[in-house]
Amino acid sequence: MSEEKIQWSRQEDVALTWVHKDQEFSHRLITKKLHGSPMSFHITTYMPHFDTMVEGDGVHEVILYCLHGWSEQIVEATGERHHFKPGDAMYLPKNYRYRHIIGEAGLVIAVCATPSKEAGDM
């Protein structure tokens, strides 16, 4: 499908992927399989008060952009803390580990990953 043409996608037109059942889900809007893109773009939604450890998979580099809500992020190795809020962007290398605590309003983020993550990928 790498026709090298402009393409559009809507959240309701792609499958919902549960990353953590009843706590975190993602819509993979632009992907290699669907659009021929070497990166993927998706919207991820977290339920309020979800507390989890997040780890890199050694394959994907990721950029997060906060759209709605907030969370507290604590880097395990250094103890560094960040209050992630609308307008913040975060770069994640292939290998990382941090605690992610979602606030009372939940959290909605835009995510770009390279190489592309496909529907169903965690």
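A disulfide here is a pair of cysteine sulfur atoms within 2.5 Å. By that cut-off, the structure holds 0 disulfides. Look at C112: its sulfur is 16 Å from the closest cysteine sulfur, the one in C66, and that is too far for a bond. As for cover, C66 is buried at a relative accessible area of 1%, while C112 is partly exposed at 25%. (Buried means under 20% relative accessible area, exposed over 50%, and partly exposed in between, using a 1.4 Å probe and protein chains only.)

A word on the source: this is a predicted model, where local features need pLDDT of at least 70, side-chain atom pairs count only at pLDDT 80 or more, and totals for chains, interfaces and linings use all residues. Residues are numbered from 1 along each chain as its sequence is written, and side-chain values use heavy atoms, with hydrogens and water left out.

Now for the fold. Walk along the sequence and you meet β-β-α-β-β-β-β-β-β, that is, 1 helix and 8 strands. These are DSSP runs, numbered from the N terminus: H or I of at least four residues for helices, E of at least two for strands. The radius of gyration is 14 Å, close to the 14 Å the globule rule gives for 122 residues, so the protein is as compact as a globular protein of that length. That radius is taken over C-alpha atoms, and the rule is 2.2 Å times the number of residues to the power 0.38.

Inside, 38% of the 122 residues count as buried. With contact meaning heavy atoms within 4.5 Å, 65% of the contacts between residues at least 6 apart in sequence join residues at least 24 apart.
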